[in-house]
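Please take a moment to look over the sequence and the model before reading on. The paragraphs below move from one region to another and are best read with the structure open beside them.

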Amino acid sequence: MNPRKMSMWVLAAAVTTALAGGEALADGKKGTAVIKGMCKFTGDKPKLTGVNMSADPNCKHDKPVPNPELIVGKDGELPFVFVHIKSGISEKYDAPKEPAHIDQNGCMYDPHVFGMIAGQALKITNSDDTAHNIHAAPKINNEFNFGQPKKGMVTVREGKDTFKQPEVMIHIKCDVHPWMSAYVGVVTHPFFAVSSNEKDNRGKFEIKELPAGSYELEAWHEKWGTVTQKVEIKDGETKEINFEFTKPGGGAKAAADRPAPRTVTLSTIGSGEATAAPAACCEHEPTK
Ligand SMILES: [Cu+2]
């Protein structure tokens with residue numbers, strides 16, 4: 001290679017490396033619009049129950065853990081809603097270099113609901129002193145199911161072993177601990193969010209850096225189904241979009257009908273008694 005060609009090659013390689021190593025999520029365009037809002041459940045609230053983990057003594061908690069699918073705040077604030085742009089994004093976005101991450105911690109999945117870009121690696125860790133198996137049950141992507149018998153184990157699913165196709169949602173479960181349940185939304189772009197379960201932000205979500213456009217937004221909840229809304233947004237604009245889940249009776253009744261050691265009303269979570277409420281919800285655990 002002549003010196004000039006060589007220097008061009010080095011420059012090209014340097015530019016490629018710089019781009020690959022950057023924070024940029026993708027080759028697709030990012031913008032300056034923001035969609036934010038609140039997810040609420042306005043139907044008959046289910047009773048909040050604790051997760052019964054008595055089957056495995058290694059899953060002991062000092063305080064009972066509220067069942068995430070039943071959490072609704074005092075005024076209906078709904079956490080764990082996956083909100084994403086369902087249509088209107090035409091550009092292609094590369095998966096970020098950082099893997100998405102799901103941890104098995106306290107015999108629960110953390111996070112309970114999350115999103116990732118198709119092709120992005122997925123890191124799976126076991127923080128528990130007990131054996132888990134992680135079993136993803138997609139309908140479009142490839143299923144996986146393997147054990148992580150020891151604390152500290154790390155597996156990174158990447159390349160052909162990660163979720164390559166968009167799919168909203170994929171259920172993840174543990175066949176050792178039947179209460180363990182998580183959901184991942186696999187999409188083709190970075191414009192998604194999950195409504196918060198933090199006490200002061202419960203139900204809130206925010207999608208940033210959105211290009212101007214006309215979109216269909218979809219909000220999904222494992223128990224209360226999906227709600228869609230259309231939105232048109234300009235550069236620099238912030239729009240507030242709220243989602244209401246109103247599924248009456250049916251789902252709530254089904255939840256209340258499930259056997260549970262004891263229940264506590266939803267009005268307690270999200271109020272000042274949030275820490276006391278879940279403790280009350282399952283003090284009869286473990287049941288024998
Ligand atoms: Cu498990």
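**A walk through the model**

Glycine 152 lies in the loop between strand E9 and strand E10 (154-157), and this residue is a convenient place to begin in what is a predicted model. Is glycine 152 buried or exposed? Glycine 152 counts as exposed because it has 10 C-beta neighbours inside 10 Å, and the cut-off for being exposed is 12 or fewer. Along the chain, glycine 152 and aspartate 129 are 23 residues apart, while in space their C-alpha atoms are 8.6 Å apart.

Strand E9, which comes before this loop, covers residues 144-148 and is joined by five bridges to strand E8 (residues 132-137), the two running antiparallel. Within this pair, asparagine 133 has glycine 147 in E9 as its bridge partner, and the connection from E8 to E9 is a hairpin of six residues.

From this corner we can step back to the whole protein, which has three helices and 19 strands. Of its 288 residues, 36% are buried. Among the contacts with a separation of 6 or more, 70% are between residues 24 or more positions apart.

How far can the coordinates be trusted along the chain? The mean pLDDT of the protein is 82, and 77% of the residues reach 70 or more. Over residues 1-26, however, the pLDDT stays under 50, and the model has nine contacts beyond four places in sequence for this stretch. Residues 249-288 also have a pLDDT below 50, although the model gives this stretch 73 contacts beyond near neighbours in sequence. Where pLDDT is low, the predicted coordinates should not be read in detail.

The interior is the next stop, and here the largest nonpolar core has 59 residues, with Val81, Phe82, Val83, Ile172, Val184 and Val194 having the most contacts inside it. Which residues does phenylalanine 82 touch, if those up to four places away in sequence are not counted? They are Val113, Gly115, Val168, Met169, Gly185, Phe192, Val194 and Trp220.

Gly185, one of the residues touched by phenylalanine 82, leads us to strand E12 (residues 181-187), which is mostly covered, since six of its seven residues are buried. Strand E12 is joined by five bridges to strand E6 (residues 113-117), and these two run parallel; here glycine 115 has glycine 185 in E12 as its bridge partner. Five bridges also join E12 to strand E11 (residues 167-173), but that pair runs antiparallel, with isoleucine 172 facing alanine 182 of E12 as its bridge partner. When following strands such as these in the model, it helps to remember that in a regular strand the side chains alternate between the two faces of the sheet.

Another arrangement to trace is an open sheet of four strands, whose order is E13-E3-E15-E16 and whose pairing is antiparallel. Which strands form its edges? They are strand E13 (192-194) and strand E16 (225-233), each of which pairs on one side only. From one strand to the next, the twist averages 25°. Inside this sheet, strand E15 (residues 213-221) pairs with E16 over nine bridges in the antiparallel sense, and serine 214 stands opposite glutamate 232 in E16.

Some details of the backbone deserve a slower look. Most residues other than glycine have a negative phi, and most peptide bonds are trans. Against that background, the peptide bond from aspartate 110 to proline 111 is cis, with omega near 5°, and proline 111 lies in the loop between strand E5 (108-110) and E6. The peptide bond from valine 168 to methionine 169 is also cis, with omega near 5°, but methionine 169 is found in a strand, namely E11.

Positive phi values can be followed in a similar way. Phenylalanine 80 is not a glycine, yet it has a positive phi of about 60°, and it is found in the loop between strand E2 (48-49) and strand E3 (82-87). Phenylalanine 80 is buried because 24 other C-beta atoms lie within 10 Å, and the cut-off for being buried is 20 or more. Glutamate 209, which is not a glycine either, has a positive phi of about 60°, but this residue lies in strand E14 (residues 204-210). With 13 other C-beta atoms within 10 Å, glutamate 209 is therefore partly exposed.

How values were computed: Residues numbered from 1 in each chain as written. Predicted model: local features only at pLDDT ≥ 70, side-chain atom pairs only at ≥ 80, totals over all residues. Core = buried A, V, L, I, M, F, W, Y, C linked by C-beta atoms within 7 Å. Contact = placed C-beta atoms within 7 Å. Pairing = 2+ DSSP bridges. Axes fitted to C-alpha atoms, helices over the stretch in contact; angles between N-to-C directions. pLDDT = per-residue confidence, 0-100.
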